[in-house]
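Please open the model in the viewer and follow the selections below in order.

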Amino acid sequence: MEFDPVLLARIQFAFTVSFHIIFPAFTIGLSAYVTVLLLLWLRTGDEKFHRLARFWTKIFAVSFAMGVVSGIVLSYQFGTNWSRFSEFSGNVIGPLIGYEVLTAFYLEATFLGIMLFGWNRVPPWLLTLASALVAIGTATSAFWILSANSWMQTPAGHEIRDGVAFPLDWLQIIFNPSFPLRLAHMLTAAYLTTAAVVLAVGARYLLAGNYTEDAKTMLRMAVGMIFVTAPLQLFIGDMHGLNTLEHQPMKVAAMEGNWNTETSGHFVLFGIPSQSEEKNHFEIAIPYAGSLVLTHSWDGKYPGLNEVPPEERPPVANVFFAFRIMVGIGLLLIATGLAGAYLWWRGRLFQTPWFLTYASYLWPVGFIAILAGWFVTEQGRQPWLVYGLLKTADGISSVPGASVLGTLILFVFVYGIVFATGVYYINRLIVKGPQGAGAAAPAGLPNRPISAAEEAAREATGKSPGDGPGKAVKNKTKGN
Amino acid sequence: MEWYLPVIWAGLIGTAVALYVLLDGFDLGIGILFPFTKKEADRDVMMNSVAPFWDGNETWLVLGGGGLWVAFPKAYAVIMPAMYLPIIGMLLALIFRGVSFEFRWVAKPNHRWWDIAFAGGSTVAAFLQGVILGALIQGINVVDGQYGGGAFDWLTPFSILTGLAVVAGYGLLGATWLIMRTKGPARALGQRMAPQLLLLMLAGMGIVSLWTPLSVDRIAERWFSLPNFYFLWPIPLVTALLAFFVWRWLQHPKSHDALPFMGTIGLFLLGYAGLVISTAPYLVPPHLTFWDTAAAPESQIFMLIGTLFLLPMVLGYTAFVYWTFRGKVAPGEGYH
């Protein structure tokens with residue numbers, strides 16, 4: 001049986017990297033949120049902020065663990081599945097990954113120990129500092145990783161000798177043309193996504209009448225954050241799109257479903273792009289709107305997919321739909337921020353059932369938008385792995401297709417179990433709520449944040465410790 | 001410049017790998033020892049004794065892999081496809097045991113599966129690391145600068161032996177860590193397991209030391225030709241002496257808390273030195289050396305400048321975190 005190793009390697013990488021990005025996106029935002037809560041606690045001394053910080057730290061711990069273990073996989077997959085790409089680009093983007101490990105990975109992984117386990121061991125200022133360092137570490141990590149990715153989109157500062165890229169100017173390599181906007185776009189997305197989760201959790205508690213005071217704080221902070229960052233994200237996204245039009249016009253053509261340079265200018269709201277027929281079925285378009293968005297003029301023209309031969313076009317339908325999902329969610333969040341701010345201004349933020357119900361379902365939208373955005377940018381780069389320099393098909397390892405398929409099945413199986421369980425446990429922690437950590441700490445204080453959840457779980461399931469697996473536990477309880 | 005940069009980088013990556021082996025070794029060892037007690041309270045103490053450190057420890061694995069790509073992209077591009085299956089197997093095993101640190105506590109009281117995931121993940125990861133080591137020592141088939149072998153070339157009796165030896169070695173690090181850092185039943189478990197694991201690890205080291213020079217002429221020549229032999233004979237002698245002392249310390253555990261752990265670290269470093277002597281300057285034996293596979297000098301310098309500042313910082317705050325969580329973990333206490 002013959003397998004297409006290129007396609008399999010792409011599916012495997014897309015699968016592992018898609019799973020991975022969910023967790024860093026969340027932990028970038030959540031570590032910053034916990035740090036803000038701790039700073040507020042230090043300044044005001046209000047126990048509410050302490051309680052909330054501990055609550056979100058528990059959720060952070062589970063997400064971070066999943067982010068770390070799925071991230072380690074990636075640093076090896078470049079070599080296992082994309083060895084020719086590793087060799088081609090190692091001189092240039094290898095050091096960026098190296099700097100990521102040294103400036104960010106160690107910082108977050110090491111101070112995480114204090115952030116998670118230091119609650120009863122270090123003074124509050126040090127705990128806050130550790131959280132801040134973790135937050136800085138996660139954002140620094142994004143800096144280097146996005147720099148490396150951006151170089152693959154818009155390579156600069158290098159020369160090619162003997163089929164391998166060599167560095168000429170490190171500043172040009174790191175700050176390559178698409179990097180600053182990509183970084184701004186991704187960090188804003190991470191903060192926005194986290195705000196949507198906080199909003200949903202707060203709304204869920206208010207609807208249920210639980211932890212009301214904490215829930216109101218969450219709701220206020222989240223609405224404020226979304227009100228500011230969602231419109232900002234639209235602005236950054238627009239700039240990023242213009243940048244892409246300049247450097248990767250075929251990606252924009254696929255995003256817009258724009259097949260023909262001559263007829264460009266109308267903005268396709270909906271359609272079903274057909275790669276083989278080179279047109280959109282059931283197209284609904286607004287004349288001149290495309291020119292306005294992309295050229296900021298009434299009848300500007302921009303390149304269509306017909307500028308390049310068919311084999312050099314990205315998969316149009318995937319990019320086209322993913323782009324619409326991302327933008328749609330962006331607009332939804334802008335509307336959410338406006339509605340929330342209006343209700344807050346009218347003093348009805350906590351008493352408007354439709355808004356709370358709606359907000360309680362918003363938790364996944366940020367993640368979906370982030371995945372959709374990455375689908376746009378990565379598939380929009382095809383058929384190139386490093387834009388204009390190395391085709392995806394030329395970047396893979398000399399590994400038999402059967403090995404790639406076998407490990408792909410294993411990845412799907414393992415990630416399915418581990419991450420579904422992780423999300424289930426996060427939900428369980430949310431159901432337990434903030435009270436479990438701050439107010440009702442078990443006797444002797446928990447030795448780690450999650451051990452509080454353990455007590456709560458035992459109460460919830462109505463089991464005494466002795467009913468659990470391992471009869472020996474009984475002795476421990478008796479001993480106490 | 002052209003000559004010594006790759007040597008510096010080989011030294012740095014060698015150091016990162018050694019630190020990884022020692023640091024993640026003891027926390028993987030905790031997982032390897034998990035099946036030897038059934039008590040939840042003991043397992044809690046064992047896990048608590050490494051919980052604040054494991055994440056930082058595992059980062060050395062990322063530096064080892066990432067650093068190899070940065071400094072020796074051609075070696076990275078050959079070794080990774082050659083070790084495709086064991087590397088991905090190891091990563092999947094590390095996923096199971098990594099998330100167990102959090103999941104096990106959230107899942108309580110239904111945490112049995114995460115006990116299994118923690119123990120199984122740790123053991124499989126350790127075993128496959130040993131297999132990769134053994135396969136690397138035996139050599140990789142390189143054709144036109146690419147991996148030229150099959151999917152299962154790494155699987156040999158020798159690599160299975162090194163895999164088992166690493167499991168025993170990590171188990172010994174874990175057991176001596178328990179002696180040093182815990183009280184009560186967890187410490188007793190460490191005392192019970194350590195002597196057997198020491199013997200197993202020494203047996204592994206002994207067989208590897210005989211097998212490699214007998215099967216590879218290059219390694220025999222490295223050790224037994226003159227004048228090399230005059231300089232190298234103390235290494236096995238010191239190893240044997242240190243092993244004897246660790247054995248003695250383990251017989252009198254009351255008075256020796258930290259010595260068995262420190263002695264085990266010494267044994268690991270001696271064994272590691274022996275492997276370096278056998279294989280240097282080959283990074284992909286028997287074809288590619290440090291110099292064959294090095295990145296462009298400008299890339300190695302750019303990374304080296306940052307590393308000279310950042311690595312001491314990393315070591316500094318790693319030491320700070322270890323100092324913050326110093327002292328013994330007792331049953332039912334954890335970190336207060």
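Select chain A and colour by secondary structure: 16 helices and 6 strands appear, where helices (H or I, at least four residues) and strands (E, at least two) are DSSP runs numbered from the N terminus. With a radius of gyration of 24 Å against the 23 Å that the globule rule gives for 480 residues, chain A is as compact as a globular protein of that length; the radius is taken over C-alpha atoms, and the rule is 2.2 Å times the number of residues to the power 0.38.

This is a predicted model, in which local features need pLDDT of at least 70 and side-chain atom pairs count only at pLDDT 80 or more, while totals for chains, interfaces and linings use all residues. Residues are numbered from 1 along each chain as its sequence is written, chains are lettered from A and ligands numbered from 1 in the order in which they are written, and side-chain values use heavy atoms, with hydrogens and water left out.

Next, reduce chain A to its C-alpha trace, which spans about 75 × 55 × 45 Å along its principal axes. Colour chain A by accessibility: 60% of its 480 residues count as buried, that is, under 20% relative accessible area (1.4 Å probe, protein chains only).

Now display chain B beside chain A. Here 87 residues of chain A are in contact with 76 residues of chain B, contact meaning heavy atoms within 4.5 Å. Finally, select A:Y76, A:Y106 and A:R121, which lose the most area to chain B in chain A, together 11% of what that side buries.

How values were computed:
Buried < 20%, exposed > 50% of the residue type's maximum accessible area, 1.4 Å probe, protein only. Buried area = accessible area lost by both parts, 1.4 Å probe.
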